[in-house]
Amino acid sequence: FPDWLSVLLTLVFAVSEYFVMYGRFAWNPNMLPFFLLLGMYGLLRAVGGEVRHPGRWFAFSVFAFTLATQLHFLAFLAIPTFLVIFFLLRRPKFSLRAWGAALGIVIIGYLPMLLNEWASGGANTKEFFAAITEKSTKEDHVFLEKFIRNITEHTLAGLVIMTGFEGGTLPSVKTVGGGGLVITCQTKCDIGKLYGLIAASVFGLAVFAFGFLYLREKERRKKDFLLAVGLWLIVTFGLFTPLAYGVAPRFFLLSGPFFFVLLGCLGLIVVRALPGRAYGRIVVALLFFMLAGLNLSSLTHRFDELSRAKTEPVDSPPDRILKERIRVTLEQQLAIVDFLQARSRVQGYPVYMFSEPQHRRALKYLLEKRGVENAVLGYDGIYREGVYYLIVRAQSDLEDALRKYRASYDIGTMTPFGTLVAIELLPKESVIIGERQDFSIPKPSDSKAPPRYTWNEYFSRSKSGTSEDGSTLDKLEDEANNQSE
């Protein structure tokens with residue numbers, strides 16, 4: 001792209017609410033855009049014929065892609081597929097030394113996984129393919145329905161990524177007997193369908209512009225760039241199709257960065273179509289500044305909600321980026337931990353706490369970091385000496401959340417923490433199984449998850465380091481999720 005267009009695309013990318021929000025916390029998939037772009041850059045330098053040592057760039061790209069494949073299961077499938085097809089189409093000529101270095105990088109990068117699979121008898125691999133099959137078959141939809149739904153998901157994801165606007169919708173399409181299609185659009189869909197249709201139109205034009213530029217491009221370097229981007233988008237789209245009814249927002253960390261290439265191609269076509277290149281640049285620049293402004297407006301609104309989450313039960317709209325039910329901040333979690341720690345110190349008892357998994361694990365980590373004895377509420381039994389709390393959303397159905405606990409506990413004081421509320425539970429005498437839990441006794445694990453060894457565990461063949469979060473705890477977490485819906 002011309003320098004001026006590249007700067008504008010970078011501006012929109014930098015303030016995209018989607019990428020800003022995923023860049024604010026540590027999670028494996030969040031690093032995908034960086035390593036994918038890094039790997040793509042190295043690959044294009046390697047095949048471009050303009051560098052002195054293309055083999056080094058090839059090895060560099062393999063290093064980046066190897067790391068990316070370990071960040072998300074879709075990347076693990078997409079990257080090898082993309083590279084095989086790209087090499088078949090482009091047929092680059094690298095030295096045997098370069099191929100050997102690339103293979104060595106892959107082997108070293110996957111050595112821990114290979115050793116773990118050897119020790120566990122391939123348990124993780126079996127679970128991986130079982131999970132893929134489950135995600136693809138859990139919804140009863142034919143291929144055409146999944147294909148159309150995938151287009152819908154890409155369109156609405158593009159709208160969120162480019163503008164930060166999360167209110168777009170599109171009608172749902174289902175097949176009927178005889179090959180017919182039924183299009184439905186209920187109240188929620190009807191409210192946002194105009195935005196969705198505009199997004200679909202722009203997305204379609206951008207794809208058309210991309211294809212037009214690819215067919216017209218004669219320069220090998222630019223052709224390679226368009227080929228790589230187009231092939232990556234096709235591969236990821238193909239992988240998303242069987243999962244179309246279960247696509248999560250984070251999946252677009254794989255393809256989202258390359259949506260900006262489609263946008264850039266559309267910008268180029270607009271410039272060439274309008275009379276006078278200068279006039280076209282002004283129009284495109286204004287449109288891109290508008291996209292940046294929309295994202296900044298969405299970010300401002302979200303950060304305002306986050307700033308009030310500690311003191312107010314903020315009512316947030318449905319979240320198409322992180323799928324958060326409510327806004328929760330670290331400051332809020334620290335306040336809850338301060339409260340639980342103070343209650344523990346006053347009574348001299350350990351803390352038993354339960355919440356939705358994303359909050360429970362964070363609170364448990366913070367409690368352990370401070371040396372506060374704690375366990376999961378309802379997992380290790382009920383003891384006389386204990387501080388028992390249920391942490392739930394302030395705007396959830398509290399009576400429904402408490403229903404399962406009333407048989408074993410009396411309900412105590414409710415302490416609000418903005419969007420969360422801590423509810424004290426007082427054990428009934430009839431359910432108490434002991435005076436105080438002995439935390440010095442190692443907890444047995446009933447986890448059914450495949451073993452994942454550390455180096456020490458691998459060489460000693462010890463399985464004592466498996467996670468304590470077993471299937472029983474998973475069931476409790478599922479129940480907590482159901483209650484908070």
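Two strands count as paired when DSSP finds at least two bridges between them. With that in mind, welcome to this predicted model, whose chain holds 17 helices and seven strands. One feature to look for is an open sheet of five strands, running in the order β4-β3-β5-β7-β6 with mixed pairing. The edge strands of this sheet are β4 (374-376) and β6 (409-417), each of which pairs on one side only. From one strand to the next, the twist averages 25°.

**The chain as a whole**

- Of the 485 residues in the chain, 45% are buried.
- Among contacts with a separation of 6 or more, 73% join residues that are 24 or more positions apart.
- The chain has an accessible surface of about 25400 Å², and carbon and sulfur atoms account for 61% of that surface.

**Strand β3 and its partner β4**

- Strand β3 covers residues 351-354 and pairs with β4 in the parallel sense, over three bridges.
- Two facing pairs help you line up these strands: Met353 stands opposite Val376 in β4, and Tyr352 stands opposite Ala375 in β4.
- Is β3 covered or uncovered on its two faces? Both faces are covered, with Val351 and Met353 buried on one side and Tyr352 and Phe354 buried on the other.

**Helices that pack on the sheet**

- Helix α13 (residues 330-347) packs on the sheet, where it touches β3, β5 (387-393), β6 and β7 (420-427). The direction of α13 makes about 165° with that of β5.
- Helix α14 (residues 357-369) also packs on the sheet, and its contacts there are with β3, β4, β5 and β7. The direction of α14 makes about 160° with that of β3.
- In the loop between β3 and α14 you will find Glu356.
- Glu356 counts as buried because its relative accessibility is 5%, and the cut-off for buried is under 20%.
- Which side chain does the side chain of Glu356 meet in a polar contact? The partner is the side chain of Arg325, at 2.6 Å.

**The β6-β7 hairpin and Leu402**

- Strands β6 and β7 pair in the antiparallel sense over seven bridges.
- Across this pairing, Met414 stands opposite Ile423 in β7.
- The hairpin of β6 and β7 has two residues between its strands, and Gly418 takes a positive phi near 70° there.
- Leu402 belongs to helix α15 (residues 398-402). With a relative accessible area of 1%, Leu402 is buried.
- Leaving aside neighbours within four places in sequence, Leu402 is in contact with Leu390, Ile411, Met414, Ile423 and Leu425.
- One of these contacts, Ile423, is 21 residues from Leu402 in sequence, while their C-alpha atoms are 9.0 Å apart in space.

**Helix α12**

- How does the span of helix α12 (residues 277-308) agree with what its 32 residues should give? At 1.5 Å a residue the helix should span 46 Å, and its end C-alpha atoms are 47 Å apart, which agrees.
- The buried residues of α12 include Gly280, Val284, Phe288, Leu291, Asn295, Ser298, Arg302 and Glu305.
- An α-helix has 3.6 residues a turn, so residues three or four places apart point the same way.
- The buried residues of α12 pack against four helices, α1 (3-15), α2 (17-22), α8 (143-163) and α11 (256-273).

**Asp319, in the loop after α12**

- Asp319 sits in the loop between α12 and α13.
- Is Asp319 buried or exposed? At 9% relative accessibility, Asp319 counts as buried.
- The side chain of Asp319 reaches two backbone nitrogens, that of Ile321 at 2.8 Å and that of Leu322 at 3.2 Å.
- Beyond its neighbours within four places in sequence, Asp319 is in contact with Glu166, Arg302, Glu324 and Arg327.
- Arg302 offers a link back to the helix, since this contact of Asp319 is also one of the buried residues of α12.

How values were computed:
Residues numbered from 1 in each chain as written. Predicted model: local features only at pLDDT ≥ 70, side-chain atom pairs only at ≥ 80, totals over all residues. Heavy atoms only, no water. Axes fitted to C-alpha atoms, helices over the stretch in contact; angles between N-to-C directions. Contact = heavy atoms within 4.5 Å. Buried < 20%, exposed > 50% of the residue type's maximum accessible area, 1.4 Å probe, protein only. Areas by Shrake-Rupley, 256 points an atom, 1.4 Å probe, with all protein chains shown as cover. Expected span 1.5 Å × (residues − 1). Polar contact = N/O pair within 3.5 Å; in protein donor to acceptor, adjacent residues only side chain to side chain.
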